[in-house]
Amino acid sequence: MRGTAITNNIRRFRFEAGEMTQADLASRIGVTRQTLIAIEAAKYSPSLELAFRIAEVFGVSIDDVFAYAGTES
């Protein structure tokens, strides 16, 4: 399976949030752990709503969590 052009910092934010587990984050945003694993591994791009929910959990903006790999930083 091929990855997406969307990169993310979810793992880093989970670590900075007291080593939050994938299961805990998945529960907080309303998806299964398997879905979160696929998003975190960049094998699946989240919906815009889900991306906002992830950013909200960490108290950051969506562009702090996600980036399009084809753009310059």
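Is Glu40 buried or exposed? Glu40 counts as buried, because its relative accessibility is 16% and the cut-off for buried is under 20%. Keep in mind that this is a predicted model.

**Glu40 and its neighbours**

Let's start with where this glutamate sits. Glu40 belongs to helix H3, which covers residues 33-40. Leaving aside residues up to four places away in sequence, Glu40 touches Asn8, Ile10, Arg11, Arg14 and Gln22. With Gln22 there is also a polar contact, side chain to side chain, at 3.4 Å.

Now look from the other end of that pair. Gln22 is part of helix H2. Gln22 counts as buried too, because its relative accessibility is 17%. Its contacts, again without residues up to four places away in sequence, are Arg14, Arg33, Leu36, Ile37 and Glu40. As for Pro46, it is 24 residues from Gln22 in sequence, and the two C-alpha atoms lie 15 Å apart.

**How H2 meets H3**

Two packed helices are described by the angle between their axes and the distance between the axes. Here, H2 (residues 22-29) packs on H3 at about 105°, and the axes are 8 Å apart. That angle is why H2 counts as roughly perpendicular to H3. From H2, the contact uses Gln22, Ala23, Leu25, Ala26 and Ile29, while H3 brings Arg33, Leu36, Ile37 and Glu40. Sorted by type, the residues of this contact are six nonpolar, one polar and two charged.

**Buried faces of three helices**

An α-helix has 3.6 residues a turn, so residues three or four places apart point the same way. With that in mind, take the helices one by one.

In H2, the buried residues are Gln22, Leu25, Ala26 and Ile29. They line one face of the helix, because they fall within an arc of 100° when seen down the axis of H2. Among the elements covering them are H1, H3 and H4. Not every residue of H2 is tucked away, though: Ser27 lies in H2, and at 56% relative accessibility Ser27 counts as exposed. The C-alpha atom of Ser27 is 18 Å from that of Ser45, which is 18 residues away along the chain.

In H3, Leu36, Ile39 and Glu40 are buried. Their arc around the axis is only 95°, so they sit on the same side of H3. What do the buried residues of H3 pack against? Their partners are strand E1 (6-8), helix H1 (10-16), H2, helix H4 (48-58) and strand E2 (66-68).

In H4, the buried residues are Leu50, Ala51, Ile54, Ala55 and Phe58. Viewed down the axis of H4, these fall within an arc of 140°, so they line one face of the helix. On the other side of H4, Leu48, Glu49 and Glu56 are exposed. The cover over the buried residues of H4 includes H1, H2, H3, helix H5 (62-65) and E2.

**Positive phi values**

Most residues other than glycine have a negative phi, and most peptide bonds are trans. Which positive phi values turn up here? The table gathers four residues.

| Residue | Phi | Place |
|---|---|---|
| Glu19 | near 55° | loop between H1 and H2 |
| Gly30 | about 80° | just after H2 |
| Ala42 | about 60° | just after H3 |
| Gly59 | near 70° | following H4 |

Two of these deserve a word more. Glu19 has a positive phi although it is a residue other than glycine. Glu19 is exposed, because its relative accessible area is 56%. Ala42 likewise has a positive phi in a residue other than glycine, and its place is in the loop between H3 and H4. Is Ala42 buried or exposed? Ala42 is buried, because its relative accessible area is 16%.

**Back to the pair**

To pull the picture together, Glu40 of H3 and Gln22 of H2 both take part in the contact of the two helices. Their side chains are joined by the polar contact of 3.4 Å. Glu40 is also one of the buried residues of H3, and Gln22 is one of the buried residues of H2.

Note on methods. Residues numbered from 1 in each chain as written. Heavy atoms only, no water. Helix = DSSP H or I, 4+ residues; strand = E, 2+ residues; numbered from the N terminus. Buried < 20%, exposed > 50% of the residue type's maximum accessible area, 1.4 Å probe, protein only. Polar contact = N/O pair within 3.5 Å; in protein donor to acceptor, adjacent residues only side chain to side chain. Contact = heavy atoms within 4.5 Å. Axes fitted to C-alpha atoms, helices over the stretch in contact; angles between N-to-C directions. Parallel < 35°, antiparallel > 145°, perpendicular 65-115°, else oblique. Nonpolar A, V, L, I, M, F, W, Y, C, P; charged D, E, K, R; others polar. Arc of directions from axis to C-beta.
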